[in-house]
Amino acid sequence: MKDSLRLKIRNSFLVLTLLICSVSLMAQNVDISGTITELSTGMTIVGATVVQKGTTHGTVSDVNGKYKLTVPKGSVIVYSYVGYMKKEATAKESGTIDIALADEVNNLNELIVIGYSTQKKTDKTGAVSMVKSDELNGGVITDPIQGLQGKAAGVSVTKKGGDPSEPFYVRVRGASGYDASTQPLYVVDGIPNADPNMIAPDDIESFNILKDAASTAIYGSQGSNGVILITTKKGSKSPNKEAKPDDSYSNVEFSTQFSVEKIAKKLKVLSAGEMRDFAGTLLAAAKKTHPDYTMDSVFRDGGASTDWQDEVYRIGYSTTTNLSISGGNRHGSYLGSVGQSNWDGIMKGTSKKRTTAHVNVTQKTLNDHLTITGNIMAAFEKNQYQSYSGFGQDDIIYQTISRNPTDPVYNPDGSYYKSSRVFNYENPISIINEETNNRDAKKFLGGLKFDLEIIKGLTATVNLGYDRDDQTTNYFRPANLYQSADNGFGKKQYDNDVKKLLEITGTYVKSFKDAHNLNILLGYSWQNDMYNGFYAQGRDAQSPYAGPNNLATLNSVNYGDIGSWKGESTLIGFFGRAQYNYKSRYYVAGSLRRDGSSKFGKNNKWGWFPTASIGWSIDKEKFMKSVKWLDQLKLRASYGVSGNDKIGDYLSLVIWVPNGRTINPETGQYVITYSANWNENPNLKWEETTEYNLGVDFAFLNQRLSGSIELYSKRTTDLLGRYQVPVPPNPFPYTYLNSGTMSNKGIELTLQAYVLNLRNFAWKTTLTAAHNQTKIVDLGGLTPDAVRHEGQLTGRGLIGSENYVTGLMAGQDIGAFYLPTYVTLKDGVFIYESESGGYTTDLTKAKRRIVGTPTPKVELGWSNTLTVFKRWNLDFAFRAWLGNHIYNATRMFFDSPNILPSLNAVPEAIGWYEQGRVSGAAIADFYVENASFLKLDFIQLSYDFNVSKVKWLSKFNLFIAANNLFTITGYTGVDPETNITGVSFGIDQYNVYPKTRSYTIGLKATF
C-alpha cells in the first residue's frame, strides 16, 4: 500500500516537473519577424536565409522580403543571401527585427603584387594599379597585353594596324627616353624581362602595374618606364568550406571560341570609272593643243574594273581553344594548361599559329616550412608575313593602294597580269602567292623558387629563372616574279636569346602588440642575357621550288651575304626595402637598390636608386568613427629614383666591324676592311628618372564607390642617345652618350562603382582618366639649331633630309609636329612662309612652327558589367583619346595629281588638279588633323547555364562578342590610333595593316 502510494506520488511529481519545465521553456521562446532589404536601395530581398546560429533551425524570406521565426530567447540570428555580407542580430524578446544587407564587396582587402612581394591594397604607399583576369577585354586577343586597353589610368596600350603577328606597345606615364626603349619592364611570375606574348590570355590571373618611381625603383636601372607584373593562374585547395584539411581538389576548365574578322575601314581611292573619267578630262585638255590625240595618247586602259583592296583583303578567321587541369590540398597545388590559337589575317598570305603550354606546381614540405614552386611555360609560334613597310616592289599595301584600278589581276590564260606603268610597279597578288616569308619561333620560360621559413616571420627565398627564345625566319622570291628584271633572292636567319636569373631574398614580417607592423626585404639579383645568330642569303635562284630550305640553289653569293653575331650583358643588383605601419593608420616605406650593368662605361658601371613613401589612413582616426558612410580615405606621398638601361650592348666601347672588301696593293688580293661605328665613352651611364607622386585612395557606402587620384611629376635626366660629334678631335663621327632632360607631369583618376546590385539586376562600372604632358626641358649641347629632327618621311617623290615632320626642342611636347606653313599654290607648286619673312618654294628655307602633338590631352577608359537574373552578363568597354593629332602622310603621298592616271590616288587629287597643282608629295602643316576618337573596344553577351542537376559539370557559359565595333572620329584617314612609342609617332603613312572588326562565339565550361 505504502509502495503504491509512493509510486503514485513520484509519478505525479515527475508529471508536474515536466509540465513546469515545458511552461518555462515556452516562456523563454520569442517570436521574431521583420523585413529583409538591400542596404543600398531599400528593395526587399526574396529568399534570404534566416537561421538560428549553430543550428539548422531557420526559414527564408517570402516574396515580400518578410520572415517569421520562433527561437529561444537570447538566440543569435544569422541573416544571409548570395552576393551580400552576412549580418547577425540577437533575439532578446519577441518583436520586429528588420535587417538591411550590404553588398559583399571586399576590394580593400585584395592583395596586390609589388616588387618581390605582395601587400594588401589598403597598405600601398605607391602608385600601383591592379587589373584582374575577369576585368580584361576578351574576344579576339592576339597579344595578352591587348586585354589591358583602357583598364588602368596612365597606361597607354596601342597598336598601329591590325596585323595579328605584330605586338602591342605600352607606355606608362609618358615617354622617358630618346634612343633607349620606352617600353616597361615585364615580370612574369617573378622573372624579369620575360615575353608576355608567350602566355595564353586564359592563363593570366592578374596584371599589377607599378607606375611611380617609389614602386618601380626596386628594379633599379630597369624601372624608369614602369613595371608590369603578370601573375599566372595556379592550382588551389578545395573551395568547399566543409572539406577536410587533407582533402584533395581537382578542377578542369575548357574554353573555345571562333571568330570572323573583316576590315574595319578601307582607304578611299579612285575607282576604275573615276579613273577613266579623269583620263577623259586629261584628253579634253590635251585636245586643245593636240586635236589628233585619242584616249591611248593620255591613258593606257587595262580594260578591267578592279578594287585592289578587295583583292588583297579577305574575311579573316580565328580560333582559340584552352584546356587546364588544376587542383591541390593544403600541402600543395598543381595546374597544367595547353592552348591553341590560329589567326588567318585579313590580308591574304598573313597568318599566325600559336601553341602554349603552362605547368605550375607548388609543394610544401618540412612541416610546411619549405615551399617549392616550379613554373614552366612554352610557346610555339608560326607566322606567315607579307611586306608592307615601305614603297618597294614587294610592299603589298603600297602596291595595292597605288595599283591602277583598270588593270586586271590575271591574264586570260590565268597567268598574272603584269604592267610597267611606272618604276617598281608590281602585281600584289602575284607577290602574295609566289613569295615565301615566314617565321618559326620556340619560346621557353622556366622558374624554380624555394621559400624557407627559418623562424616565424623570417623567410629566405631563392628564385631561379631561365628564358630561351629561338626563331628562324625564311624568305624566298623566285626569279622573274617582278615585272622588272630580277633573278630572285633567298635568305634564312636564326636568332637565339637566353636569359638567366638568380635572385636571393630574405623577408622578415613582424607585428608587435597588434599595433606595430614591420616588413623588411633584403635581396641580391643576377641577370645575364646572351644572344647569338647568323644568316645566309643569295641571288639568282635556279629553281622556283627549292625555297629558302635549300640555299644551294642560289647561284650568286656576294660579300656580306653571310653573317653571324654574339653578344652578352650582365646586370647585378643589391636591394633592400623596409615597410612599417602603425595600426594600419600611419605608413612609412623606403627602399634602396644598387645596380651594376655591363652596358655602361667603366666609370659608371654602378648606380644608386633610392625611394621613400608615406601614407595616412584618415578613416582610421578616432575623429572619423562617426562617419559611417566612409570606408577608406588615405593620403599617400612618394619619392623615388629609377633608371633605364634599355640600350644596345658595347655602346661605351669602340667596336671594330667588317666594312667591306678592297684590294691589298702589295699582294693584289681582296682583303676585308674594318671600321668603327662610334667612339668610346667610358662615362656612358643609365638614364635617371626622379619622380614625386601624391595619391588619394577612397571608398564610400560599403565600398560601392571607390577609387584613387594620382598627381605626379617626374624628370628624366642624362637621356641616352646617339649623337653626331665633330671629327677631329673625335676619331669617328658618332658617340653614344647622356645628354638632355625630359619632364612628365600628369593626373590620373580611377573610379569603380557598384551602381546597382538588385535581386535581378546588377551594374558594375569602372572609369579611368589620365592626362600626361611630356616636355623636353633641354636637349643638351649636342643638337644643332636647338632642334632634333625626327619623323623622317621616305616615299615616292620625297628626296632630301628636310622631309622630317617632328621636331624635339626645349619647352615643347615630345613628338610635336614641326612643319612649314603652307600659304598658297603658285605655278602648280606649294608656297611656304620663309624664315626671312617672305615666301619660298624651297623647303630648306621654309619657316617651321609647332602645329600639333600626337599625344592625347586626355585618355579615357570606361568598362561596364551588367548582370540580369544572375545568369545574363553584358560586358562592354569604351576607350577615348581627346586632343591628339595625326600627320596624314597617306593623304600627302596620294593626293598629288601628277601620279594620275598611271597610279591611283585619293579623291582629293582631282581637286588639286583643278587648282593646277603639278608638284608631287610635299610636307605641309595642313596634313596635320585632329584625331580625337571614341571606340567601342569590346562588347560581350554571355549566359551562365544552371548546371546544378549535372553532377559532372560545375559551370557552363556561352557567349558572343565583338571587338572594335565602331569608332567615332573626325579624322579623315583609315584609323585615328597609332603607336605611342619612341619620340616620333602619330604619323599615319599608308603602309599600315588595316584594323579589323571581329565577331566571336564561344563557350567556357568547368568540370
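1. Before anything else, a term: a residue is called exposed when its relative accessible area is over 50%, buried when that value is under 20%, and partly exposed in between. With that cut-off in hand, F869 goes down as exposed, because its relative accessible area is 53%. Keep in mind throughout that this is a predicted model.

2. The overall picture first. The protein has 1007 residues, and 51% of them are buried. Its secondary structure comes to nine helices and 54 strands. Taken along the principal axes, the C-alpha atoms fill a box of roughly 150 × 65 × 65 Å.

3. Back to F869, which sits in a loop, with strand 47 (858–868) on one side and strand 48 (872–882) on the other. F869 also belongs to a nonpolar patch on the surface, of about 780 Å². Its partners in that patch are F258, I315, Y317, W872, L941, I960 and I1001. If you have the model open, colour these residues and have a look at how the patch is put together.

4. Next, the sheets. As a reminder, strands in a sheet pair through backbone hydrogen bonds, and the pairing can be parallel or antiparallel. One open sheet here has four strands in the order 3-2-5-6, and the pairing is antiparallel. Strand 3 (58–60) and strand 6 (87–91) are its edges: each has a single partner strand, so one side of each is left without a neighbour in the sheet. On average, neighbouring strands of this sheet are turned by 20 degrees against each other, direction ignored.

5. Within that sheet, take the pairing of strand 2 (residues 49–52) with strand 5 (residues 75–80). These two run antiparallel and are joined by four bridges. For a landmark, go to Q52, whose bridge partner in strand 5 is I77.

6. Another open sheet is built from three strands in the order 43-44-45, again with antiparallel pairing. Here the edge positions go to strand 43 (822–826) and strand 45 (839–840); each has a single partner strand, so one side of each lacks a neighbour in the sheet. Four bridges hold the antiparallel pair made by strand 43 and strand 44 (residues 829–833). T824 is a handy place to look, since I831 in strand 44 stands opposite T824.

7. T774 deserves a closer look. This threonine is part of strand 39 (residues 761–778). It counts as buried because its relative accessible area is 5%. What do the polar contacts of the T774 side chain look like? One, of 2.4 Å, goes to the side chain of N744, and another, of 2.9 Å, goes to the side chain of N772.

8. S337 is another buried residue, with a relative accessible area of 11%. You will find S337 in strand 20 (residues 332–344). Along the chain, S337 and F878 are 541 residues apart, and their C-alpha atoms are separated by 31 Å.

9. Last one: is R715 buried or partly exposed? Its relative accessibility is 43%, which means R715 counts as partly exposed. R715 lies in strand 35 (residues 705–717). From R715 to D292, the C-alpha to C-alpha distance is 71 Å, with their positions 423 residues apart in sequence.

Note on methods. Residues numbered from 1 in each chain as written. Predicted model: local features only at pLDDT ≥ 70, side-chain atom pairs only at ≥ 80, totals over all residues. Heavy atoms only, no water. Patch = residues over 30% accessible without salt bridge, like charges linked within 9 Å, V, L, I, M, F, W, Y side chains within 5 Å. Areas by Shrake-Rupley, 256 points an atom, 1.4 Å probe, with all protein chains shown as cover. Salt bridge = Lys/Arg side-chain N within 4 Å of Asp/Glu carboxyl O. Buried < 20%, exposed > 50% of the residue type's maximum accessible area, 1.4 Å probe, protein only. Pairing = 2+ DSSP bridges. Axes fitted to C-alpha atoms, helices over the stretch in contact; angles between N-to-C directions. Polar contact = N/O pair within 3.5 Å; in protein donor to acceptor, adjacent residues only side chain to side chain.
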